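Colleague: I am new to this structure and would like to know what stands behind each label. Please give the cut-off, then the value, then the conclusion.

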Amino acid sequence: MPLEMSDLRIVLLGKSVSENSQVGNFILGRAAFDSESPSDDVGPYSDRVRGKHVTVVNTPLLLNPDLSLRHITQAVKECLSLSAPGPHVIILVLKPDECSREEKACIEILLSCFSDSVFQHTLVLTTQEPDRAEPTEVNDVLKEIIKKCSNRHNRLERNSTPAGLIASLQEIVQENDGCYLNCNKCGDFTTEATERASVAPVPPAKRGDGKTRMPLEMSDLRIVLLGKSVSENSQVGNFILGRAAFDSESPSDDVGPYSDRVRGKHVTVVNTPLLLNPDLSLRHITQAVKECLSLSAPGPHVIILVLKPDECSREEKACIEILLSCFSDSVFQHTLVLTTQEPDRAEPTEVNDVLKEIIKKCSNRHNRLERNSTPAGLIASLQEIVQENDGCYLNCNKCGDFTTEATERA
């Protein structure tokens, strides 16, 4: 869009409903949001500010690690609809000294629900206690978030002015060539208007980014299984290992690893049952990912998505992509889709259109587990993925704040 634009669309994300409302009112120059008895609902207000039509969308309580993926994706859908065709800037409203490691991980996962390029459009705004004369020092965890946002950080202090903050927001829009955010992560939930959004192209990651190198002739192969069915996950794990390591009749809901020698390699399979559940909270997911990464330390080579070929909905696709993003920004380079077949079906079931989109994101890596499939064939496909990644395992940087010391040394 033209750089001399007449509109500016802003999304507020913060831990405090009241503070979000105060920031919204500060930007608009009037008491649009109720900061005394604020609503928990997503709400937009617009006004003319310095010659521009400014829309502020308040998204209270989204920075809550106990919210489920389903709740988050629905709230993001509503937020995107209210800021259609897309927000220019996302403002993170935070206290300078109250950001924990867990909150940092949840913030990054939540932001990833919007877009892969979300940090290019994000500003951290720290608020000051009214009775504090001197500005509070930003803690080390928040400094890491600010760094990811290209060091975009404003302090809201006694002498701050709406004009100063608006100028900072305009700088972000200028840096993005006047483009608004193409919210592609939850695109399956967005309105047609939002889906038409365009954004300046993001340079592709350099080969090897997000990965840690190891020799191509490696002796280990570490695999993580993600699936909707605990039983099917267990069956796939047993199929790879060539023995009944996982109980597929009465499977456990716990994350579990098993290892064995397979075709001359030490193969470790980590089963993560029930993670593809949109009703799980971010807290539960990050803790499960932490355990998974600890069991596959220093990092998994391949993640296998175990799915039915004809049972993937739009909502499930969005949740799968958000869950995968908890592992790493480069997770799709290490992911294979494995579709399972009903035992009584002679002909393979056609993959539905939604699952085809996931397979495409995984560089078209797709295997079918059928009657004539062999462990050797699947292992060969996994080795191809490792070769394509130059023998690298996945550096799981998204939930690094939750991982064990062993994983942090990856």
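Modeller: Two strands pair if DSSP finds at least two bridges between them. Strands (E, at least two residues) and helices (H or I, at least four residues) are DSSP runs, numbered from the N terminus. The model is predicted, so local features need pLDDT of at least 70 and side-chain atom pairs count only at pLDDT 80 or more, while totals for chains, interfaces and linings use all residues. Residues are numbered from 1 along each chain as its sequence is written, and side-chain values use heavy atoms, with hydrogens and water left out.

Colleague: What makes strand 1 and strand 4 a pair?

Modeller: Strand 1 (residues 7–14) and strand 4 share 5 bridges in the parallel sense, and the definition asks for at least two. Leu-13 has Leu-92 of strand 4 as its bridge partner.

Colleague: How do you know that strand 4 and strand 5 pair?

Modeller: By the count of bridges: strand 4 and strand 5 (residues 122–127) are joined by 5 in the parallel sense. Ile-91 stands opposite Leu-123 of strand 5. From strand 4 the chain passes through helix 3 to strand 5, a right-handed β-α-β crossover.

Colleague: What makes a crossover right-handed?

Modeller: With the strands pointing away from the viewer, the path from the first strand over the helix to the second must run clockwise.

Colleague: Why is strand 4 called mostly covered?

Modeller: Buried means under 20% relative accessible area, exposed over 50%, and partly exposed in between (1.4 Å probe, protein chains only). In strand 4, 6 of its 6 residues are buried. In a regular strand the side chains alternate between the two faces of the sheet. Here Val-89, Ile-91 and Val-93 are buried on one side, and Ile-90, Leu-92 and Leu-94 are buried on the other.

Colleague: And what makes helix 3 mostly covered?

Modeller: Of the 12 residues in helix 3, 9 are buried, including Lys-104, Cys-106, Glu-108 and Leu-111.

Colleague: How do you know that the length of helix 3 is close to what is expected?

Modeller: The expected span is 1.5 Å times one less than the number of residues. For helix 3 (residues 101–112) that gives 16 Å, and the helix reaches 17 Å from its first C-alpha to its last.

Colleague: Why is Leu-226 called buried?

Modeller: Leu-226 has a relative accessible area of 0%, so it falls under the 20% limit. Leu-226 belongs to strand 8 (residues 220–227). Contact means heavy atoms within 4.5 Å. Leaving aside neighbours within four places in sequence, the residues in contact with Leu-226 include Thr-272, Ile-304, Leu-324 and Phe-327. Leu-324 is 98 residues away in sequence, and its C-alpha lies 9.3 Å from that of Leu-226.

Colleague: Ser-381 has some accessible area; why is it called buried?

Modeller: Its relative accessible area is 17%, which means that it too is under the 20% limit. Ser-381 sits in helix 11.

Colleague: What makes the meeting of Ser-381 and Asn-367 a polar contact?

Modeller: A polar contact is a pair of N or O atoms within 3.5 Å; within protein, one must be able to donate a hydrogen and the other to accept it, and residues adjacent in sequence count only if both atoms are side-chain atoms. The side chains of Ser-381 and Asn-367 meet at 2.9 Å. A polar atom of the Asn-352 side chain likewise lies 3.1 Å from the backbone oxygen of Cys-312.

Colleague: Why are Ser-363 and Asp-390 called partly exposed?

Modeller: Ser-363 has a relative accessible area of 47% and Asp-390 has 25%, so both fall between the limits of 20% and 50%.

Colleague: What makes their backbones worth a remark?

Modeller: Most residues other than glycine have a negative phi, and most peptide bonds are trans. Ser-363 has a positive phi of about 55°, and Asp-390 has one near 60°. Ser-363 is in the loop between helix 10 (353–361) and strand 13 (366–369).

Colleague: Which peptide bonds are cis?

Modeller: Among them are the bond from Ala-84 to Pro-85, with omega near 5°, and the bond joining Ala-297 and Pro-298, with omega about 5°. Pro-85 lies in the loop between helix 2 (69–82) and strand 4 (89–94).
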